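Got a few minutes to look around a protein? Have the sequence and the 3D view ready, and let's go through them together.

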Amino acid sequence: MHTPDKIDIREVSPRDGFQSLAGFIPTDHKLHIIDLLVRAGVKEIEATSFVSPKAVPQLKDAAELMSRLPRQDIVRAALVANLRGAQDAVAAGVDQLVMVISASEAHNRANVRCSIAQSVKNLDAIFPVARENGVVVNGAIAVAFGCPYQGDVPEGDVSSLVQEFYERGASSVILADTTGMASPRRIDGMVRTFIHGFPGCRFTLHLHNNRGTAMANLLAGLLAGARSFDTALGGIGGCPNVPLAAGNLATEDVVFMLEDMGVETGIDLEKIIQAAVELEKVVGFTLPGQVMKSGPRLARVMAGLEPCYSSRRRAGR
Ligand code: ZN
């Protein structure tokens, strides 16, 4: 199996996870979880989103959260959807802007309330603001592998958005399977085509597990050459109205699998499991992550000689 020595993990639980909850998680609790993530070795964190607090009240504390984040040794990223958001994020001191555009017209209008053409036009104002302030822009393409409104999304539509980011100087583009519609074949094809077509650009896969294919998609992406993945502690993320719906790939599940394959993630498995268990306490419901329930691949744990990792794990269950 041809696997790389190491990959990058972008932790998105503070943004994609907390945004998916019905209620607001207090800023102190968010910072506590981020602190545990950093202690576990997470280096790149999508901490929040600078969008209208009316649209996403769960992230209304974006500026305060950003001002209280640790500043050393981590990349502090924030999602934005327009120039106003980018300006607010830059003023709050982010290191990285994640500018999101959907690959389908219907999803872009539903998600950010404007046309794709308008979103692309916004880039002409956003890139200079970022550059003047030494902030990196990471492009993010939502519904890149399928759209709940449109169905299939032509690869050419995704490719032209990558081109818009790439020619303005984005060093990195996130390909998001927003509602878990990808399969390994689609991932393999797109990753290989884009790595070849956009040399020097880092492609990050953001994979949701709505149909149980996220880990298979990650493996397909890894073998096709992707070297960066978005993950969320405990697999948090998904639909605000369905608390137990499958969300993102769980960080600790990805760390477990990749480290066992000899691929370095820079993250300590036991510490990230403890962080996931702590997140479960903060949100108050069972998270979909698997390794936080089963424990690492240690004989003593599997034989039941060591204590459970998750409060809900029961011997013999
Ligand atoms: Zn997501």
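Here's a quick tour of the barrel, the helices lying across it, the zinc site and the nonpolar cores.

Keep in mind that this is a predicted model. Its 8 strands close into a barrel with parallel pairing, and a zinc ion is held by Asp 16, His 206 and His 208.

**The barrel**
- Going around the barrel, the strands come in the order E1-E2-E3-E4-E5-E6-E7-E8.
- From one strand to the next, the twist averages 30 degrees.
- To see where the ring closes, find strand E1 (residues 8–11) and strand E8 (residues 228–231), which pair in the parallel sense over 4 bridges.
- E1 also pairs in the parallel sense with strand E2 (residues 44–50), this time over 2 bridges.
- Glu 11 is a handy residue to click on: its bridge partner in E8 is Thr 231, and in E2 it stands opposite Ile 45.
- Arg 10 has a bridge partner in E2 as well, namely Glu 44.

**Helices lying across the strands**
- Helix H7 (residues 155–167) lies across strands E4 (96–102), E5 (136–142), E6 (172–177) and E7, and runs at about 170 degrees to E5.
- Helix H8 (residues 184–197) lies across E6 and E7, at about 160 degrees to E7.

**The zinc site**
- Which atoms coordinate the zinc ion? They're OD of Asp 16 and NE2 of both His 206 and His 208, at 2.0 to 2.1 Å.
- Along the chain, these donors follow the spacing D-x189-H-x1-H.
- The site links distant parts of the chain: Asp 16 sits in helix H1 (residues 13–19) and His 206 in strand E7 (residues 202–207), 190 residues apart.
- Are Asp 16 and His 206 buried or exposed? Both of them are buried.

**The nonpolar cores**
- In soluble globular proteins, nonpolar side chains tend to be buried together.
- In this model, the largest nonpolar core has 93 residues, and Leu 97, Ile 141 and Leu 175 have the most contacts inside it.
- Helix H11 (residues 269–283) gives the most to this core, with 8 residues.
- A second, separate core has 10 residues, including Leu 79, Ala 81, Cys 114 and Ala 140.
- Zoom in on Leu 97 and you'll find plenty to explore: leaving out residues up to four places away in sequence, Leu 97 touches, among others, Ala 78, Val 80, Ile 126, Val 136 and Asn 138.

Technical notes:
Residues are numbered from 1 along each chain as its sequence is written. This is a predicted model: local features need pLDDT of at least 70, side-chain atom pairs count only at pLDDT 80 or more; totals for chains, interfaces and linings use all residues. Side-chain values use heavy atoms; hydrogens and water are left out. A nonpolar core is a set of buried Ala, Val, Leu, Ile, Met, Phe, Trp, Tyr and Cys residues joined through side-chain atoms within 4.5 Å. Buried means under 20% relative accessible area, exposed over 50%, partly exposed in between (1.4 Å probe, protein chains only). Contact means heavy atoms within 4.5 Å. Donors are N, O and S atoms within 2.8 Å of the metal (3.2 Å for Na, K and Ca); water is not among the atoms, so sites may look incomplete. Two strands pair if DSSP finds at least two bridges between them. Axes are lines fitted to C-alpha atoms, for helices over the stretch in contact, and angles run from 0 to 180 degrees between N-to-C directions.
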